[in-house]
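Trainee: Please take me through the helix packing of this model, one contact at a time. Then add the metal site and any unusual backbone in the loops.

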Amino acid sequence: MVDLIEKKRDGHELTTEEINFIIKGYTEGSIPDYQMSALTMAIVFRGMSEQERADLTLAMVNSGDQIDLSQINGIKVDKHSTGGVGDTTTLVLGPLVASVGVPVAKMSGRGLGHTGGTIDKLESVNGFHVELDNEEFIELVNKNKLAVIGQSGNLTPADKKLYALRDVTGTVESIPLIASSIMSKKIAAGADAIVLDVKTGAGAFMKTLEDSRELAKAMVRIGNNVGRKTMAIISDMSQPLGYAIGNALEVNEAIDTLKGEGPEDLTELCLTLGSYMVLLAEKAKTLQEARALLEKAIENGSALEKFKVFLSSQGGDATVVDDPSKLPQAKYTYELEAKQDGYVSEITANEVGTAAMLLGAGRATKDSDIDLAVGLVLRKKIGDQVKQGESLVTIYSNFDDVSEVKQKLYENIKIADSKVEPLILIHEAITN
Ligand code: URA
Ligand code: CA
C-alpha cells in the first residue's frame, strides 16, 4: 500500500489489479484508515484517469451484494438526482414512464436532509409500504412496470466506509471520487441504463455550472465505460424545484403534475428526464417521440392511473389521488407576506430547505422524527412580480410559533425593484 500511495502521489496511474487490491484490503480492514486517507488525498491532487475511475467504481460494486433484476422484462432504467430541495421528480417520473411501458424497479431510501427521501414521501399515503421481498418486488415490476423497495442487502460497503473516511479527512471534493461513489451505488442497484439529474446552484452539491458539468461528464463516462448506457442533464437548483417542499405536500404536487396541472419547472424537468429514460429503454426512437408519448400519458390520464395502481399494489390508499385532503394535514398555516413591491430575485434553495427542516419536514440526524404533514409551498418563483402584502410562501406547521422559520425565509427570499429574468431550468444534456 505504501508503494501505491507513493505512486499516486507522484502522479502515476494505478492499474486495475492495484485498485482491486486497495478496495478489497480497505473493505476487509487489512488496509488501515490512515493509509487510505493518504491515498485519497493524493487522488484529490493528482486526479484519476478514465480507466482508474471505471476500475474504482467496479471494485466498489464488487465489494458487496448486487441486485439482480434479470427476471424483469425489458431494459431497466434508473434515474438518479445528485440531490436538491423540494425535488419531487421521482414521485412523478416513476408512474409517468411506467405508464408508457418503461420498467421502473426503484430502490429508495429515507435519508437525511430538508425533507424525507422518496420512501418517507410515499409513506404519507395511508397504508403504503416498501417492505417487499425480492420476489414480490420483481413480480410487481413485471405486472405494473413500477415498484419501490427499501434499501436492502449489503450494497457497496467499500463506498460506505470510504465516504465516511473522506467526510472527515477533507477528501470529499474530488470529481473522480464523487463520480465513482455515486455510480457504484447505481450500478450495484442493478439498472441496465441510468439517467442522471446533476443539479447546480445554491441548493446543490455542486454550486457552479463548471463543476456540475465536470461531475456529469465523469459519471456519464464511468457508466458507459462499464457497460451501462448513461446520460445526464444539468438542471438548476439555485431555487427549489416546483412549489412544494415537504413530504405530503410533495405527494400532492406530484399528483397535480401527473394530472398536467403541476408547476411549470417540475413538469418540464420530468418530461426531459422522462424522455431520456424512454429513449434508453428503447420505447421510442427519438427524444421528440419519447416526449410526445409522455405528454399523451399525462393528457389521457394513464400516468395518473398508473400512480393509483402503484400505490394500491403496495398497500396504499389510492383514493388520495382524487381526494388529496386525505393526506396528512398540518394544524396551522401561515402566509409569509412580501414587505415590498417588486420582483422576486432570489430564493436560496438550501436555506429555504433548512426552513422546511426546522418545521420538521426533514431529519437533521438519522434518529430525528419526521413530520409528513408540514413544509412550505412557494407562491412565487424567481422572476415573478409581487405586491407588498401578497404571500410569498405558505407555511404548513404543527407548531403555533413559526417566527424563526419566517425570519429564515425573509433572509433568503429577495425582492428587487426592477424586472428579473426567470432562471434557466435545464442547462445542458451530456450524452457521452
Ligand atoms: N454523494 C455520494 O454518494 N458520494 C460522494 O462522494 C459525494 C456525494
Ligand atoms: Ca417540489
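**Helix packing, then metal and loops**

Mentor: H2 passes H3 in a left-handed crossing (the near helix is turned anticlockwise from the far one by less than a right angle; clockwise is right-handed). This is a predicted model, so local features need pLDDT of at least 70 and side-chain atom pairs pLDDT 80 or more, while totals for chains, interfaces and linings use all residues. Residues are numbered from 1 along each chain as written, chains are lettered from A and ligands numbered from 1 in written order, and side-chain values use heavy atoms, without hydrogens or water.

Stay with this pair. The axes of H2 (residues 16–28) and H3 (residues 33–46) come within 10 Å and cross at roughly 140° (lines fitted to C-alpha atoms over the stretch in contact, angles 0 to 180 degrees between N-to-C directions). H2 and H3 are therefore oblique to each other (not under 35, over 145 or 65 to 115 degrees). From H2, the contact uses Ile22, Ile23 and Tyr26; from H3, Asp33, Met36 and Leu39 (heavy atoms within 4.5 Å). These residues divide into 5 nonpolar, no polar and 1 charged (nonpolar: Ala, Val, Leu, Ile, Met, Phe, Trp, Tyr, Cys, Pro; charged: Asp, Glu, Lys, Arg; polar: the others, Gly among them).

H2 also packs on H4. Their axes come within 9 Å and cross at roughly 35°. This crossing of H2 and H4 is right-handed. H2 supplies Thr16, Ile19, Asn20 and Ile23, and H4 supplies Gln51, Glu52, Asp55, Leu56, Ala59 and Met60. By class, the contact of H2 with H4 holds 5 nonpolar, 3 polar and 2 charged residues. Ile23 of H2 serves in the contact with H3 and in the contact with H4.

Now follow H4 onward. H4 (residues 50–61) packs against H9 (residues 175–188) at about 40°, with the axes 8 Å apart. That angle makes H4 oblique to H9. The H4 and H9 crossing is right-handed. On the H4 side are Arg53, Leu56, Thr57, Met60 and Val61. On the H9 side are Ile175, Pro176, Leu177, Ser180, Ser181, Met183, Ser184, Ile187 and Ala188. The H4 and H9 contact has 9 nonpolar, 4 polar and 1 charged residues. Leu56 and Met60 of H4 face H9 here, and both also take part in the contact with H2.

Next, the metal. The calcium ion (ligand 2) has as protein donors Gly86 (O), Thr88 (OG1), Leu241 (O), Ala244 (O) and Glu253 (OE), at 2.3 to 2.7 Å (N, O and S atoms within 2.8 Å of a metal, or 3.2 Å for Na, K and Ca). Along the chain, the spacing is G-x1-T-x152-L-x2-A-x8-E. Ala244 and Glu253 are both buried (under 20% relative accessible area with a 1.4 Å probe, protein chains only; over 50% is exposed, in between partly exposed).

Last, two loop residues. Lys145 is not a glycine, yet has a positive phi of about 70°. Lys145 lies between helix H7 (134–144) and strand S3 (146–150). At 22% relative accessibility, Lys145 is partly exposed. Glu282 has a positive phi too, near 60°. Glu282 sits in the loop between H12 (264–280) and H13 (287–299). With a relative accessible area of 53%, Glu282 is exposed. Leaving out residues up to four places away in sequence, Glu282 touches Ile75 and Lys229. From Glu282 to Pro324 is 42 residues in sequence and 34 Å in space, C-alpha to C-alpha.

Conventions
Helix = DSSP H or I, 4+ residues; strand = E, 2+ residues; numbered from the N terminus.
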